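Got the viewer open? Here is a short walk through the model, one selection at a time.

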Amino acid sequence: DTLCFADIGLTSVFCYDLEGKYIGNHLSQGRGPQELIQLDIVAPCKEGYHIMGGWNFYYVDRQWNKIQERYINWNSDKSVKYLYNHPDPNETGIYELEYAGPNLRTLGKDYLVIPIVTEHVKYNSYGGTYASHFYENTYTIGILTQDSAKLVKMMCNRSPIYSQYSYVPNFKNVIFDTYQDTLFFSFEIDPHIYQMDFSTSQTIGFGEAGQQMNTDYPETKSLEEADEYNGEDRQKCGYYYHLKYVPETALLFRSFHHGTPLTYDGLQVYKNQLLVAEYQVPQGFRVIGYVPPYYYAEGKPDIDKEAMVFYRFKLPF
């Protein structure tokens, strides 16, 4: 019955009722017993909340008391020198968090799911000798243990659609959501969605391309060129940016950006792996949950009015 917004700048969680009335806030920045050094994203679980702040992970209870703090264990015994000279996509030591597409979800009772990437100086998405090898062989998702934040598995190579391009580092991110032992994932330029049973690794693919998407993705050939055109590219081109599974109604939502000249985004609705609806929605529209009879979604904050923005809506089916 509460909407919670995690404020990255203030390292605090602000709570509102379902009408948007402010209730109160929790947590703050610092190194004290009930403070966080950093806050990037929050993932609710049955008994409380997991919070990621950089490489720090916290567990807090339902009353927002900090119970545990741990640091990502990348589970590598290789030296920096060795990793520099021997870039290997199967070596956990060359990976880090994918800060360009932050996400955190629980998986089953024991695991956390995070996006990962390697920005190795000799082995990366920006070009060079190993660029094509990077897109085909590096992993995009890391599985951590909830109790110790130890990386125990890397998975989900990028889909074959990336082989159609040479270098598209500004659109390489993975998007995902989970429900119990099921992982839903896709990629920013991939019209397909993948549904994996984590216990068996059995995976099925489905999905249709969003309508009126500009898929003329520019190929960059250096880190400097990618950085220079990142904002322009992501405004001009279409891409998928959010997945949300709502178990109460068994619907999967996917948000996407059309690209110029359209000034609105798209929202796809899937039921049993079939596309059942597609809507025009405001930019930045991300479904966050369901409290009957409404679905709730976040939107872009109104900077001028210094206001959080959220939407609630019903579906005609």
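Before the first selection, one rule for rings: those of Phe, Tyr and Trp (its six-membered ring) pair if their centres lie within 6.5 Å. Keep in mind, too, that this is a predicted model.

**Stop 1: the aromatic cluster.** Select Tyr123, Phe134, Tyr135, Tyr162, Phe185, Phe187 and Tyr194, which together form one aromatic cluster. The structure as a whole holds 28 aromatic pairs. For one of them, keep Tyr135 and Tyr162 on screen: this pair is stacked, with 5.8 Å from centre to centre and 10° between the planes. Colour the chain by secondary structure and you'll see that the two rings come from distant parts of the chain, 27 residues apart. Tyr135 belongs to helix 2 (residues 131-137), while Tyr162 sits in the loop between strand 12 (151-157) and strand 13 (174-179).

Are these two rings buried or exposed? Tyr135 has a relative accessible area of 5%, so it counts as buried. Tyr162 is buried as well, at 2%.

**Stop 2: a tilted pair.** Now jump to Tyr296 and Phe310. Their ring centres are 6.3 Å apart and the planes meet at 35°, so this pair is tilted. Tyr296 is in strand 22 (residues 294-298) and Phe310 in strand 23 (residues 310-313), so the pair ties together parts 14 residues apart in sequence. Switch on a surface here: Tyr296 is buried, with 3% relative accessibility, whereas Phe310 is partly exposed at 22%.

**Stop 3: charges over rings.** While you're in strand 22, pick Tyr294 together with Arg312. The charged end of Arg312 sits over the Tyr294 ring, 4.5 Å from its centre. Then select Tyr240 and Arg254 for another example: Arg254 lies over the face of Tyr240, 3.9 Å from the ring centre.

**Stop 4: Phe134 and its surroundings.** Back to the cluster, where Phe134 is one of the members. Phe134 is found in helix 2 and is buried, with a relative accessibility of 1%. What does Phe134 touch, leaving aside neighbours within four places in sequence? Show Val117, Thr118, Tyr123, Asn124, Ser125, Arg158 and Lys172: Phe134 is in contact with each of these. For a sense of distance, draw a line between the C-alpha atoms of Phe134 and Leu107; these residues are 27 places apart along the chain, and the line spans 26 Å.

**Stop 5: Asn124.** From Phe134, step across to Asn124, in the loop between strand 10 (111-117) and helix 2. Asn124 counts as buried, at 11% relative accessibility. Look at where its side chain points: the side chain of Asn124 reaches the backbone oxygen of His120 at 2.8 Å. A polar atom of the Asn124 side chain also lies 3.4 Å from the backbone oxygen of Val121. Not counting residues up to four places away in sequence, Asn124 touches Thr118, Glu119, Ala131 and Phe134.

**Last stop: a three-stranded sheet.** Finish with a sheet of 3 strands, an open one with the order 1-2-3 and antiparallel pairing. The edges are strand 1 (3-7) and strand 3 (22-26), each of which pairs on one side only. Look along the sheet for its twist, which averages 20° from one strand to the next. Strand 2 (residues 12-16) pairs with strand 3 in the antiparallel sense over 4 bridges. To see the two strands facing each other, select Tyr16, which stands opposite Tyr22 in strand 3.

Methods: Residues are numbered from 1 along each chain as its sequence is written. This is a predicted model: local features need pLDDT of at least 70, side-chain atom pairs count only at pLDDT 80 or more; totals for chains, interfaces and linings use all residues. Side-chain values use heavy atoms; hydrogens and water are left out. Two strands pair if DSSP finds at least two bridges between them. Axes are lines fitted to C-alpha atoms, for helices over the stretch in contact, and angles run from 0 to 180 degrees between N-to-C directions. Rings of Phe, Tyr and Trp (its six-membered ring) pair if their centres lie within 6.5 Å; planes under 30 degrees apart count as stacked, over 60 as edge-to-face and the rest as tilted. Buried means under 20% relative accessible area, exposed over 50%, partly exposed in between (1.4 Å probe, protein chains only). A charge sits over a ring if NZ of Lys or CZ of Arg is within 6 Å of the ring centre and within 35 degrees of the ring normal. A polar contact is a pair of N or O atoms within 3.5 Å; within protein, one must be able to donate a hydrogen and the other to accept it, and residues adjacent in sequence count only if both atoms are side-chain atoms. Contact means heavy atoms within 4.5 Å.
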